[in-house]
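Open the model in your viewer and keep the selection panel at hand. Each stop below says what to select and what is there.

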Amino acid sequence: MAEFETVLRTPELGPGAMMAVEAHGREIVVANVGQTYYAVDASCPVDGANLAREGRLEDDVLICPHDGARFSVRTGERLDGGDGLRAHAVRIEGNEIKVGSADYADRNAR
Ligand code: FES
């Protein structure tokens, strides 16, 4: 499996927008925050809500509609404490938005 999969093209995702995509066998949220693109897993770790379809993006914070959990879309960190979301590396090649696999993130973890 390729380490990076093309999921969208940049004109499809304007500033402040997010979209649900499938990549590497997972459902992922891709967000445009000030023309920088971020990708995190879509399943809320609290109770499994689909953040791509039901969540709301405010600046760089992804908010779960169910119980209000708040996540940084930049890092996946849960801002109000508790388990966060897996963050995926993003590359832009031409106008293609490519999302890295979970393995890629693990191997390149800081
Ligand atoms: S399912 Fe996300 S906060 Fe409850």
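The tour goes through strands first, then cysteines.

This is a predicted model: local features need pLDDT of at least 70, side-chain atom pairs count only at pLDDT 80 or more, and totals for chains, interfaces and linings use all residues. Residues are numbered from 1 along each chain as its sequence is written, and side-chain values use heavy atoms, without hydrogens and water.

**Stop 1: β10.** Select residues 96-100, strand β10. Strands are DSSP runs of E, at least two residues, numbered from the N terminus. Four of the five residues in β10 are buried, meaning under 20% relative accessible area with a 1.4 Å probe, protein chains only.

**Stop 2: its partners.** Add β1, residues 4-9, which pairs with β10 in the antiparallel sense over five bridges. Two strands pair if DSSP finds at least two bridges between them. L8 has I97 of β10 as its bridge partner. Now add β9, residues 90-93, antiparallel to β10 over four bridges. Here I92 stands opposite I97. Two residues lie between the strands of the β9 and β10 hairpin, and G94 takes a positive phi near 65 degrees.

**Stop 3: the open sheet.** Four strands follow the order β2-β3-β4-β8, with antiparallel pairing. Select 18-23 (β2) and 87-88 (β8) for the edge strands, each pairing on one side only. Then show β4, residues 36-41, joined to β8 by two bridges. V40 has A87 as its bridge partner in β8.

**Stop 4: cysteines.** Are C44 and C64 buried or exposed? C44 counts as buried because its relative accessibility is 4%. C64 counts as buried at 3%. How many disulfides are there? The count is zero, taking a disulfide as a pair of cysteine sulfur atoms within 2.5 Å.

Notes:
Buried < 20%, exposed > 50% of the residue type's maximum accessible area, 1.4 Å probe, protein only.
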